[in-house]
Every structure is written in C-alpha cells, then in structure tokens.
Amino acid sequence: MNLEPQWIVGFVDGEGCFFVGFNKQSTMKIKIQVLPEFTVVQHQRDIAVLQNLKTYFQCGVVQRNHSDRYAYRVRGHENLLKKIIPFFEKHKLKTKKRVDFEKFRDIVLLMEKKADLQFEGLEKITKIANTMNTKGVSVTSNTKWREEQIHSNKA
C-alpha cells in the first residue's frame with residue numbers, strides 16, 4: 001500500500017492522537033517526565049495500515065494496544081521533531097485535531113529548549129497539555145494531579 005500525504009492527513013484526523021503524558025520520575029530534578037506521543041490505533045485486521053504508516057514515516061513502533069487493537073506510536077523526541085511535526089506542518093489537518101497538533105508541536109518545541117527540565121517550563125507545558133484532547137470536557141482529575149505534582153516537587 002502506497003500512502004499519499006492527504007490520505008494520511010484524513011486518516012489521522014479521524015483515527016490519530018497527539019498526546020502528552022506525565023510520569024513521576026524520581027531520578028529527575030523536578031521528579032516529572034514529559035512524554036509526548038503521536039498514536040494511531042486500529043483493530044488487528046487493519047494492522048497493515050499501521051505498518052504502512054511506520055514505513056512512510058520511517059520511525060515509531062507498531063505494537064498491541066489492548067486485546068484486538070494495535071497502535072502505531074512515535075515517542076522519540078528526534079522523530080517527532082524531524083518527521084512527524086514537519087509532515088503535519090506541511091500537510092495541514094482539517095479538523096479540531098489541528099489545534100491539538102499545534103499545541104503538541106509547541107510542547108515538543110519547548111522541550112527542545114529544555115523547558116521541561118525547569119519548574120516554570122513544566123508549568124507552561126502542563127497548562128498547554130491540559131487544554132488538549134478534551135472534546136469540550138474538563139479534564140480536572142489529570143489537571144489536578146499534574147499541578148499537585150509540580151507544586152509538591154517545587155518545594
């Protein structure tokens with residue numbers, strides 16, 4: 001299967017996710033690690049599409065997500081900066097996902113400047129991430145956890 005850029009855009013608009021996770025990390029100075037990730041999940045019958053995305057972008061992994069679901073994931077900072085972000089800057093998403101992509105891009109660019117290694121930068125990243133993938137719904141439990149972790153580690 002030969003994937004065309006506009007097909008990828010439409011597919012990701014419907015099935016993709018630009019996500020930023022936060023993990024406790026005791027070995028880090030600020031005790032929190034920021035983990036940006038681009039993901040597309042499909043039923044196992046469509047795993048070939050995920051493999052083709054991996055081939056197209058020449059990065060990432062395809063692995064089992066849950067039961068009969070598989071995910072194409074790109075987590076590496078270098079791959080996000082040099083492959084995923086430039087692709088979606090050149091080939092614009094058409095739905096609200098474009099806004100989430102732009103916020104995702106901004107976070108990855110802040111991380112490139114090492115903002116995630118300073119409390120002020122982490123607060124900025126958290127504020128941006130808290131507005132992503134909400135579908136108009138508040139994400140208070142994650143927001144509260146992130147803010148509590150930052151402030152407890154700041155002291």
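Let's start in helix α4. Glu102 and Arg98 both sit there, four residues apart, about one turn of the helix. Their side chains form a salt bridge, 3.4 Å from N to O. This is a predicted model, so keep that in mind throughout. How exposed is this pair? Glu102 has 27% relative accessibility, so Glu102 counts as partly exposed. Arg98 has 33%, so Arg98 is partly exposed too.

Now the network. Glu37, Arg73 and Arg75 are joined into one network by salt bridges that share partners. I'll come back to that trio shortly.

First, the tally. Searching the whole structure turns up eight salt bridges. One of them links Arg105 and Glu89, at 3.6 Å, N to O. Which parts does that one tie together? Arg105 lies in helix α4 and Glu89 in helix α3, so the pair ties together parts 16 residues apart in sequence. The two ends differ in burial class. Arg105 is at 19% relative accessibility, and the cut-off for buried is under 20%, so Arg105 counts as buried. Glu89, with a relative accessible area of 35%, is partly exposed.

Next, the sheet. It is open, with four strands in the order β1-β2-β4-β3, and the pairing is antiparallel. Which strands are at the edges? β1 and β3, each pairing on one side only. Neighbouring strands are turned by 40° against each other on average, ignoring direction.

Look at the pairing of β2 with β4. β4 covers residues 69-74, and the two strands pair in the antiparallel sense over six bridges. For a concrete register point, take Gln42: its bridge partner in β4 is Tyr70.

What lies across the sheet? Helix α2 lies across β2, β3 and β4. Against β4, α2 runs at about 10°.

Back to the trio, starting from Glu37. Where is Glu37? In strand β2, residues 32-43. Buried or exposed? At 11% relative accessibility, Glu37 counts as buried. The side chains of Arg73 and Glu37 meet in a salt bridge, 3.2 Å from N to O. Arg73 is in strand β4 and Glu37 in strand β2, so this pair ties together parts that are 36 residues apart in sequence. Both partners, Arg73 and Glu37, are buried.

Then Arg75. A polar contact of 2.4 Å joins the side chains of Glu37 and Arg75. Please look at that one on screen.

Who else surrounds Glu37? Leaving out residues up to four places away in sequence, Glu37 touches Cys17, Phe18, Phe19, Arg73, Val74, Arg75 and Phe104. Keep Phe18 in mind for the next part.

On to the core. The largest nonpolar core has 42 residues. Which members touch the most others? Phe18, Phe38, Tyr72, Ile84 and Phe88. And which elements feed the core? At least two residues each come from α1 (5-15), β1, β2, α2, β4, α3 (77-90), α4 (97-112) and α5 (119-129).

Zoom in on Ile84. Again not counting residues up to four places away in sequence, Ile84 touches Phe18, Phe38, Phe57, Cys59, Tyr72, Val74 and Asn79. Phe18 and Val74 are among the contacts of Ile84, and Phe18 and Val74 are also among those of Glu37.

Last, two backbone points. Lys31 is not a glycine, yet its phi is positive, about 70°. Where does Lys31 sit? In the loop between β1 (16-24) and β2. At 34% relative accessibility, Lys31 counts as partly exposed.

The second is Gln58. Its phi is near 55°, again a positive value in a residue other than glycine. Gln58 belongs to the loop between α2 (47-57) and β3 (61-66). With 61% relative accessibility, Gln58 counts as exposed.

To recap. The sheet order is β1-β2-β4-β3. The Arg73 and Glu37 pair is a salt bridge, with both residues buried. The 42-residue core draws at least two residues each from elements including α1, β4 and α5. Lys31 and Gln58 are the loop residues to check, Lys31 with phi of about 70° and Gln58 with phi near 55°.

Conventions. Residues numbered from 1 in each chain as written. Predicted model: local features only at pLDDT ≥ 70, side-chain atom pairs only at ≥ 80, totals over all residues. Heavy atoms only, no water. Buried < 20%, exposed > 50% of the residue type's maximum accessible area, 1.4 Å probe, protein only. Polar contact = N/O pair within 3.5 Å; in protein donor to acceptor, adjacent residues only side chain to side chain. Contact = heavy atoms within 4.5 Å. Pairing = 2+ DSSP bridges. Axes fitted to C-alpha atoms, helices over the stretch in contact; angles between N-to-C directions. Core = buried A, V, L, I, M, F, W, Y, C linked by side-chain atoms within 4.5 Å. Salt bridge = Lys/Arg side-chain N within 4 Å of Asp/Glu carboxyl O.
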